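Reader: I should like to learn how the features of a protein model are read. Could you please take me through this one step by step?

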Amino acid sequence: MSDATLDWGDENPDLTAAIGVTEGKGLVDRREERTEANLIAVIRLPSGEEIRCIVRDVSKSGARLGIPRGCVLPERFMFKVNGRSFVFRVRLAWQRDCYAGVHIERIARLPASAAH
């Protein structure tokens with residue numbers, strides 16, 4: 001999953017559409033409605049290291065990730081939801097305890113051979 005080999009989409013990504021989450025139970029009142037999720041994903045750090053995580057909720061432009069305790073994330077990284085053919089380039093918005101909030105910067109469609 002190299003940044004250079006991915007087919008990056010438009011500048012206004014919609015995370016909920018890309019991972020197939022439909023409008024559901026909304027969470028706290030925010031600028032964008034968030035939908036609860038429970039999706040297994042993998043974070044890919046710039047070093048190439050991969051960290052398993054869980055997508056806990058999503059909005060059109062961001063997500064809350066459940067991450068391992070003690071994990072320190074960099075300012076920017078990528079993640080992929082298992083079973084989906086997209087990879088997300090994100091910027092860390094916040095990190096506390098076992099959770100991190102991310103803002104989606106770009107979405108790329110994986111080549112068919114790398115999607116699974």
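Author: Let us begin with a single contact: the side chains of Asp-57 and Arg-64 are joined by a polar contact of 2.8 Å. A polar contact is a pair of N or O atoms within 3.5 Å; within protein, one must be able to donate a hydrogen and the other to accept it, and residues adjacent in sequence count only if both atoms are side-chain atoms. Please note that this is a predicted model, in which local features need pLDDT of at least 70 and side-chain atom pairs count only at pLDDT 80 or more, while totals for chains, interfaces and linings use all residues. Residues are numbered from 1 along each chain as its sequence is written, and side-chain values use heavy atoms, with hydrogens and water left out.

Reader: Which secondary structure does the chain have?

Author: Helices (H or I, at least four residues) and strands (E, at least two) are DSSP runs, numbered from the N terminus. Here the chain has one helix and seven strands, and their order along the sequence is β-α-β-β-β-β-β-β. Asp-57, with which we began, belongs to strand β3.

Reader: Is Asp-57 buried or exposed?

Author: The terms rest on relative accessible area: buried means under 20%, exposed over 50%, and partly exposed in between (1.4 Å probe, protein chains only). Asp-57 has 3% relative accessibility and therefore counts as buried. In the chain of 116 residues, buried residues make up 43%.

Reader: How many salt bridges does the whole structure hold, and how is one recognised?

Author: Side chains of opposite charge can pair when their charged atoms come close. By the rule used here, a salt bridge is a side-chain nitrogen of Lys or Arg within 4 Å of a carboxyl oxygen of Asp or Glu. The search of the whole structure finds seven salt bridges. One of them joins Asp-57 to Arg-34, with the closest N and O atoms 2.6 Å apart. Because Asp-57 lies in strand β3 (residues 50-58) and Arg-34 in the loop between α1 (15-19) and β2 (35-44), the pair ties together parts that are 23 residues apart in sequence. Both residues, Asp-57 and Arg-34, are buried.

Reader: Which salt bridge does Arg-69 form, and is Arg-69 buried or exposed?

Author: Arg-69 meets Asp-97 in a salt bridge of 2.6 Å, N to O. Arg-69 lies in the loop between β4 (62-66) and β5 (76-81), and Asp-97 in the loop between β6 (86-96) and β7 (99-109), so this pair ties together parts that are 28 residues apart in sequence. Arg-69 and Asp-97 are both exposed; for Asp-97 the relative accessibility is 53%. The backbone of Asp-97 also deserves a look: its phi is near 50°, a positive value in a residue other than glycine.

Reader: Which residues are linked in a network of salt bridges?

Author: The network links Glu-75, Arg-76, Arg-91 and Glu-105. Within it, the side chains of Glu-105 and Arg-91 meet at 3.6 Å, N to O. This pair links distant parts of the chain, with Glu-105 in strand β7 and Arg-91 in strand β6, 14 residues apart. Arg-91 is partly exposed, its relative accessible area being 29%.

Reader: Where does a charge sit over an aromatic ring?

Author: A charge sits over a ring if NZ of Lys or CZ of Arg is within 6 Å of the ring centre and within 35 degrees of the ring normal. The charged end of Arg-96 is placed in this way over the ring of Trp-94, 4.3 Å from its centre. Arg-64, the partner of Asp-57 in our opening contact, lies over the face of Tyr-99, at 4.9 Å from the ring centre.

Reader: What is His-103 in contact with, apart from its neighbours within four places in sequence?

Author: Contact means heavy atoms within 4.5 Å. With those neighbours left aside, His-103 is in contact with Ser-61, Gly-62, Arg-89, Val-90 and Arg-91. His-103 is found in strand β7 and is partly exposed, at a relative accessible area of 29%. A polar atom of the His-103 side chain lies 3.3 Å from the backbone oxygen of Ser-61. The C-alpha atoms of His-103 and Val-90 are 5.5 Å apart, although 13 residues separate the two along the chain.
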